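Hello,

Here is the structure I promised to pass on. Please have a look when you get a moment, and my notes follow below it.

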Amino acid sequence: MAKGFVLCFGLLVATVAVASGGLVAPKRQIVGGFPINIAQAPYQISLRQDGHPMCGGSIISPNWIITAAHCVEDLTSDMLSIRAGSTYKMSGGTIREVSRIVIHPDWNSDTNEADCALLELEEPIELNDSTIMSISMPDQDEEDPEEGSIAMVSGWGKTKNRSQSARFLRATFLPIVDRSNCQLAYGRTHISDRMLCAGFITGGHDSCQGDSGGPLVVDDLLVGVVSFAAGCAEPGYPGVNVRVAAVRDWIQEVSNV
């Protein structure tokens, strides 16, 4: 990343970050984004509770989905299903029921640590070469994308703008933010080495309500799972994601993917 960006980020968080030990809100919506076709993010799924969309997720194999732990921690598998292969939140594509929920053993709702879960499907989903595809993941402890690398986040969450419909899949591009700079922004809210941050210092682009558990992708690699932020697209507060490279061995152990 350019040195100027880092300096500006540091100056901004020094003036606007609030050193609060309280919880920050889960992040769940695409703000400042643009509509995309599911073929541009064929790994994206809509996670549904009793048939109602409530979070996002990513296909990692025909049998397994990865999402956020906070989306499913109080639910049972019979409440959950996924929609894959559709640009539309409420129609089209393929529906599959969930048979098993596996939450990361280190998930902590007080700190948002290890905010990820795996969902096993009752029936394998049929992959194709256009609208339903699995996404590759980094190796365990693989180096993070460099600060300033451009990531894409996507989902059907709220948009903060009535002219931007959340009925259609939306996405936005965000720069990766170094963990030390992200920690400056969040003060006493610890940004651990199992977290990966992305966002603009000026805000205006992010994910929030409805996008939790969705994909953060760099160069066709699933590097993050949408977890939390202070507000939605707020200046000085990048979005925080589960760092997939930090939980890769657990994913392999549970899913054999």
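These notes cover one helix and some aromatic pairs. Please keep in mind that this is a predicted model.

Let me start with helix α3, which spans residues 179-186. Its buried residues include Asn181, Cys182, Ala185 and Tyr186. They sit on the same side of α3, because they cover an arc of only 135 degrees around the axis. The general background is that an α-helix has 3.6 residues a turn, so residues three or four places apart point the same way. Just after α3 comes Gly187, with a positive phi of about 60 degrees.

Now to the rings: there are four aromatic pairs. In one of them, the ring centres of Tyr88 and Phe168 are 5.5 Å apart and the planes are at 65 degrees; planes over 60 degrees apart count as edge-to-face, so this pair does too. Tyr88 lies in the loop between β5 (80-84) and β6 (94-103), while Phe168 lies in the loop between β8 (150-155) and β9 (170-177), so the pair links parts of the chain 80 residues apart. Both rings belong to partly exposed residues: Tyr88 has 43% relative accessibility, and Phe168 has 31%.

Tyr186 of α3 turns up again here, in an edge-to-face pair with Phe228, at 6.0 Å centre to centre and 75 degrees between the planes. Phe228 is in strand β12 (residues 221-228), so this pair ties together parts that are 42 residues apart in sequence. Tyr186 and Phe228 are both buried, and together with Tyr237 they form one aromatic cluster.

Best wishes

Conventions
Residues numbered from 1 in each chain as written. Predicted model: local features only at pLDDT ≥ 70, side-chain atom pairs only at ≥ 80, totals over all residues. Heavy atoms only, no water. Buried < 20%, exposed > 50% of the residue type's maximum accessible area, 1.4 Å probe, protein only. Helix = DSSP H or I, 4+ residues; strand = E, 2+ residues; numbered from the N terminus. Arc of directions from axis to C-beta. Phe/Tyr/Trp six-rings, centres within 6.5 Å; stacked < 30°, edge-to-face > 60°.
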